[in-house]
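Here are some notes for a colleague who is opening this structure for the first time. Please keep the sequence and the 3D view at hand while reading.

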Amino acid sequence: MPQYIVRKGRYGHEIAKFDDSNTSLDTYTIDSRGCSCPARSRSCKHTRILRAWKKSTLEGMVFDDDAQEIGNIFNFNTNTTTSSRRIIS
Ligand SMILES: [Zn+2]
């Protein structure tokens, strides 16, 4: 299951995609023109994740493909279930 982490970059928000290897696979930049991914759309999943991230009040949230919060980078442990940490907003 891919995981996404958002941070604010110099030119816009950056979304890093990770998989279970913990190595960053791709980074997308979202600015006022939209997302840098091949979809080049304002409604791709990265912009959905960014919207979810902006609603979150916590730093370091980790999101899945469906823009659901699945954990936090500061206490994320891939060996344990993340469902108990899920925050429903
Ligand atoms: Zn995108």
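The points below go from the overall layout to the sheet, the core and one residue of a strand.

1. This is a predicted model, and the remarks that follow should be read as descriptions of that model. The protein chain holds one helix and six strands, and, from the N terminus on, its elements follow one another as β-β-β-β-α-β-β.

2. Of the 89 residues of the protein chain, 21% count as buried. Among the contacts in the protein chain with a separation of 6 or more, 19% are accounted for by residues 24 or more positions apart.

3. How are the six strands ordered in the sheet? The sheet is open, its order is β4-β3-β2-β1-β5-β6, and the pairing is antiparallel. At the edges stand β4 (34-35) and β6 (69-72), each of which pairs on one side only. As general background, strands of a sheet pair through backbone hydrogen bonds, either parallel or antiparallel.

4. β1 and β2 form a hairpin, with four residues between them, and six bridges join β1 to β2 (residues 13-18) in the antiparallel sense. Within this pairing, Ile5 stands opposite Ala16 in β2, while the bridge partner of Arg7 in β2 is Glu14.

5. β2 also pairs with β3, again in the antiparallel sense and over six bridges. Here the bridge partner of Ile15 is Tyr28 in β3.

6. Which residues touch the most other members of the largest nonpolar core? This core has 13 residues, and those with the most such neighbours are Tyr4, Val6, Ile15, Ile49, Leu50, Trp53 and Phe63. Two or more residues of the core come from each of β1 (3-8), β3 (24-31), α1 (45-55) and β5 (61-63), and so the helix and several strands contribute to it. If neighbours within four places in sequence are left aside, Trp53 is in contact with Val6, Met61 and Phe63.

7. Lys17, found in strand β2, deserves a separate look. Is Lys17 buried, exposed or partly exposed? Lys17 is partly exposed, because 17 other C-beta atoms lie within 10 Å, whereas 20 or more would be needed for a residue to count as buried and 12 or fewer for it to count as exposed.

8. Leaving aside neighbours within four places in sequence, Lys17 is in contact with Pro2, Tyr4, Leu25 and Asp26. Tyr28 lies 11 residues from Lys17 along the chain, and the C-alpha atoms of the two are separated by 8.2 Å.

Methods:
Residues numbered from 1 in each chain as written. Predicted model: local features only at pLDDT ≥ 70, side-chain atom pairs only at ≥ 80, totals over all residues. Core = buried A, V, L, I, M, F, W, Y, C linked by C-beta atoms within 7 Å. Contact = placed C-beta atoms within 7 Å. Pairing = 2+ DSSP bridges.
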